[in-house]
Amino acid sequence: MHLAYPAVLAALLFCVGLYGVLARRNAILVLMSVELMLNAVNLNLVAFDVWLRDTLHSGQALTLFTIAIAAAEIGIGLAVVLMVYRNRGTSDIDRLRDTAESPTTPGPGADDRTPEHPEAAAA
């Protein structure tokens, strides 16, 4: 088997995944694109393992570890996306970038006599 066929396929899969990460605005689609990129890397690992005729099959073993880590990553990532969607009502990445405190909230060490605390201002 020629090494060029799986390598080209893996490169195409990786490019599609990279496009999905850079162009998509939905967090779930971004996670799917990351998984596509990881699968392209797995395809390369297995293809080079077969091409090099490794007796230990280290490429295939590393692929199994990568699949396990990818499954854990997608589980945690989906849990985070679902919690953010419940709290904010959207999974649009552009709207989620502003996760810092609002500018009207006083930061640490701020004076307590702000308009947000009328009882402190009246004292």
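His57 counts as partly exposed, at 40% relative accessibility (buried means under 20% relative accessible area, exposed over 50%, and partly exposed in between, with a 1.4 Å probe and protein chains only). His57 sits in the loop between α2 and α3, where helices are DSSP runs of H or I with at least four residues, numbered from the N terminus. Its phi is near 55°, a positive value in a residue other than glycine. That's worth a look, since most residues other than glycine have a negative phi.

Before going on, a word on the model: it is predicted, so local features need pLDDT of at least 70 and side-chain atom pairs count only at pLDDT 80 or more, while totals for chains, interfaces and linings use all residues. Residues are numbered from 1 along each chain as its sequence is written, and side-chain values use heavy atoms, with hydrogens and water left out.

Back to the loop. Arg53 also belongs to the loop between α2 and α3, and it comes right after α2. Here too phi is positive, near 55°, in a residue that isn't glycine. Arg53 is exposed, with a relative accessible area of 70%.

Step back from Arg53 into α2 itself, which runs over residues 27–52. With 26 residues, α2 reaches 38 Å from its first C-alpha to its last, close to the 38 Å expected at 1.5 Å a residue (the expected span is 1.5 Å times one less than the number of residues). Its buried residues include Val30, Leu31, Met37, Ala40 and Ala47, but also Glu35, Asn42 and Asp49. What covers them? Among the elements doing so are α1 (4–23), α3 (58–88) and α4 (93–96), where contact means heavy atoms within 4.5 Å.

There is also a bit of ring geometry in α2. A pair of aromatic rings is described by the distance of the centres and the angle of the planes. Rings of Phe, Tyr and Trp (its six-membered ring) pair if their centres lie within 6.5 Å; planes under 30 degrees apart count as stacked, over 60 as edge-to-face and the rest as tilted. By this rule the count is 1 aromatic pair. That pair is Phe48 with Trp51, edge-to-face at 6.2 Å centre to centre and 85° between the planes. The two are 3 residues apart in helix α2, so about one helical turn separates them. Phe48 is partly exposed at 36% relative accessible area, and Trp51 is partly exposed as well, at 47%.

Now for α1, one of the helices that cover α2. Its 20 residues should span 28 Å at 1.5 Å a residue, and the end C-alpha atoms are indeed 28 Å apart. The buried residues of α1 are Pro6, Ala10, Gly17 and Gly20. Seen down the axis, these fall within an arc of 85°, so they line one face of the helix (the arc is that of the directions from the helix axis to the C-beta atoms). On the other side, Leu12, Tyr19 and Leu22 are exposed. The cover over the buried residues of α1 includes α2.

Finally, find Thr66 in helix α3. Thr66 is buried, with a relative accessible area of 17%. A polar atom of its side chain lies 2.8 Å from the backbone oxygen of Leu62. Leaving aside residues up to four places away in sequence, Thr66 touches Leu38, Asn42 and Leu45. Asn42 is itself one of the buried residues of α2.

Definitions and conventions. A polar contact is a pair of N or O atoms within 3.5 Å; within protein, one must be able to donate a hydrogen and the other to accept it, and residues adjacent in sequence count only if both atoms are side-chain atoms.
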